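Below are some notes for a colleague who has the sequence and coordinates open. They are set out as numbered points, beginning with a charged side chain and the pair in which it takes part.

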Amino acid sequence: MAVQAALAIVTLLQGYVAVTFLGLLVSQLTRPNVTVNQLWPITAGFLGIIFGLAVLGYWLNMHAQANGWSAWFGMQAMTNKKMLTVTYPTFIDPKFRDNYAAANTSINYSGGFATFITEIVNSVCGLLVAVLLSGASLVALFGARSTQTTTLAQFANSPWLLILMLFIIAIPVVAAFPLAKLSGRFTQKFYQYNIQFNRIGEYYIQKVFEDYSIGKVIRIFDPHDHLVHHFGEMNRTQIKQDNKLLTQATAVRSLNNIVLSVIVGALYVVVGIKGLAGAISIGAVIAYVGYLQQVISALTTMMDTVGTSAATLKGLDQFIDFIEYPDAPATGKLPVEKRLDNEYAIKVDDVSFRYPGAKAWSLRHVTLDFKVGQRLALVGPNGSGKTTLIKLLTRLAEPTEGHILLNGIDIQKYDIHEYQQIFAVVFQDYRLFAFSVADNVAVNTHKDPARMKRALTLAGVWDKVQTLPKQADTSLTKNIDPDGVDISGGEAQKIAIARAWYKDAPFIILDEPTAALDPVSEYEIYQRFDDLMENKTAIYVSHRMSSTRFSQRIVVLDHGEIVEDGTHESLMQAKGLYYRLFEAQAQYYTSDKIKEERKNADATYAIS
Ligand SMILES: Nc1ncnc2c1ncn2[C@@H]1O[C@H](COP(=O)(O)OP(=O)(O)OP(=O)(O)O)[C@@H](O)[C@H]1O
Ligand SMILES: [Mg+2]
């Protein structure tokens, strides 16, 4: 800030020195019998001062730029941190996403705090310097009186001249405020308009254009570049509207420049009257008009800053709104008891859930008791609510109705970060970081080589990791490390399983953890289930009905409701949904069925 102020003062001083020099030079030149030698001292002095100021300005500018960059970077870092630390329900809240887009737009377009502070510092310093220097010179100007007796001289000595001058100065100053306000309104429209485009643009650039997986889809499904075309169209629309709004904003703001040039002409006439009346020299006329211009410029800058501050502040508001976005609905403060016996009992009590903005219920009146140490399989058709129930258990979403209790206390009352520590999850849409294998498995915990080996072995990926150039220290993908490697989908899923085991949480939740695994790998995982689950409470979601045999209890969901709850035997006997799902899959594996299918396939092959 101090650097900015110094820079503003130095820049203004440069203007004053130039005007003063011009005045002095003209005064010298208009003297009779002036010689070149007489001009040297003034010119050398001027050059010396202007050079000194220029060097100082150069140095200050360098630092001011760095400060501006730091301020911008600081704001950017704050938004990034916010994105990482908000709770998941907030993170996916469309309102929060809008706010994020608005904050980003405000940082990147208006320049945020840095620009605003610079503008304020510039205008305040400008005004201070102008008041000091120009004020003093104005006093001198009016102190200079004409000794002539003409009407012009009388007018030049009268207060009317001062009033006229103040009136002329006031015109651009007064005009600056409404013009800046109007221009600010266009600027605000410009920001508002860009928020939605920036969000869409961000999706295209970060997700569609850069993502490897989508890259494959585009090349196979969009050979004629419809997406590129669509994006281009959107860009053109945006640029057209942006240009329109910016032109309007600049046009309105620049109107004052036209007013200013007329005003400068008028000032020459008025100050010229003093000169004509013999009160001041011609050089002084030039210098005084220059000083007055500086005053006008300082005042209009001030008015301009005030006028546009509404738009600038609106942008900052959006940034502040985003940074202060409440972390709700996670309001709990209660610590989670650390228990060595893992006696963490969870009870789902008449829970219903509807996704924000959705009409249909994804879960309806679900009541479920998890016995400590029990292995529970959650099965049901697509969209029956299995993943949703996992999200509610792990507080990635909050029940719309009903409660979930941990050891008798509503889970919302616990500190969310502590609460989430008792879960290790392999998500259905598991993701790995572009970090090393070890970093993916240990994430933020201590890296213990023996434990790492066991985790990777249990997940069936240890041998593969040994073949990588730097074993567990090898980075995945080349996104961050150019020496990183790409692994297969199944290998990635195995690393996700290793990550869940490594966390050693009392609850382990596996949502379709073997979907990408080949039958042998899947079989091996099942064989190691006892070691993988240890004595933890486990929830296991799978469409592979044969895998539920590893569970002591099976809960069947359908259309968001629990329709069956029992053991494999009891549910098979009940001949309900579980039985039908199991039979539907099992029949693919009966030898008769296979024979029949082969017959069909062979027949089809023979025809084609
Ligand atoms: N983010 C979301 N917003 C709105 N509705 C959603 C969202 N995620 C899921 N749903 C809906 O909620 C219901 C339950 O979805 P859920 O993902 O829990 O099903 P699932 O049982 O895990 O299915 P699958 O076997 O396909 O994984 C579905 O009708 C789904 O369309
Ligand atoms: Mg699911």
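1. Lys 338 is exposed, its relative accessible area being 66%, and in this predicted model it forms a salt bridge with Glu 418, the closest N and O atoms being 3.4 Å apart. The pair links distant parts of the chain, 80 residues apart, with Lys 338 in the loop between α10 (282–323) and β1 (346–353) and Glu 418 in helix α12 (residues 416–420). Glu 418 itself counts as partly exposed, at 28% relative accessibility.

2. A search of the whole structure finds 11 salt bridges, and two further ones deserve attention as they have a lysine in common: Lys 536 meets Asp 504 at 3.4 Å, N to O, and Glu 534 at 3.5 Å, N to O. Asp 504 lies in the loop between α16 and β7 (507–511), whereas Lys 536 lies in the loop between α18 and β8, so the former pair ties together parts that are 32 residues apart in sequence. Salt bridges that share partners thus join Asp 504, Glu 534 and Lys 536 into one network.

3. Within that network, which residue is buried, with a relative accessible area of 2%? The residue is Lys 536, while Asp 504, at 45% relative accessibility, counts as partly exposed, and Glu 534, at 37%, also counts as partly exposed.

4. The magnesium ion (ligand 2) is coordinated by OG1 of Thr 387 and OE1 of Gln 428, at 2.0 to 2.3 Å. Thr 387 belongs to helix α11 (residues 386–393) and Gln 428 to the loop between β6 (423–426) and α13 (437–442), so the two donors tie together parts that are 41 residues apart in sequence. Thr 387 counts as partly exposed at 26% relative accessibility, and Gln 428 counts as partly exposed at 40%.

5. In helix α17 (residues 519–527), the buried residues are Ser 521, Glu 522, Ile 525 and Tyr 526; they cover an arc of only 140° around the axis, which puts them on the same side of α17. These buried residues pack against α14 (449–458), α16 (489–503), α18 (529–533) and β8 (537–541), whereas the face turned away from the buried side carries the exposed residues Pro 519 and Val 520.

6. A nonpolar patch on the surface is formed by Leu 56, Tyr 58, Trp 59 and Met 62, with about 460 Å² of accessible area together. Leu 56, which lies in helix α2 (residues 36–85), counts as partly exposed at 39% relative accessibility.

Conventions: Residues are numbered from 1 along each chain as its sequence is written. Chains are lettered from A and ligands numbered from 1 in the order in which they are written. This is a predicted model: local features need pLDDT of at least 70, side-chain atom pairs count only at pLDDT 80 or more; totals for chains, interfaces and linings use all residues. Side-chain values use heavy atoms; hydrogens and water are left out. Patches are made of residues with over 30% relative accessible area and no salt bridge: like charges are joined within 9 Å, nonpolar side chains (Val, Leu, Ile, Met, Phe, Trp, Tyr) within 5 Å. Accessible areas come from the Shrake-Rupley method with a 1.4 Å probe; for residues, only the protein chains shown count as cover. A salt bridge is a side-chain nitrogen of Lys or Arg within 4 Å of a carboxyl oxygen of Asp or Glu. Helices (H or I, at least four residues) and strands (E, at least two) are DSSP runs, numbered from the N terminus. Buried means under 20% relative accessible area, exposed over 50%, partly exposed in between (1.4 Å probe, protein chains only). Donors are N, O and S atoms within 2.8 Å of the metal (3.2 Å for Na, K and Ca); water is not among the atoms, so sites may look incomplete. The arc is that of the directions from the helix axis to the C-beta atoms. Contact means heavy atoms within 4.5 Å.
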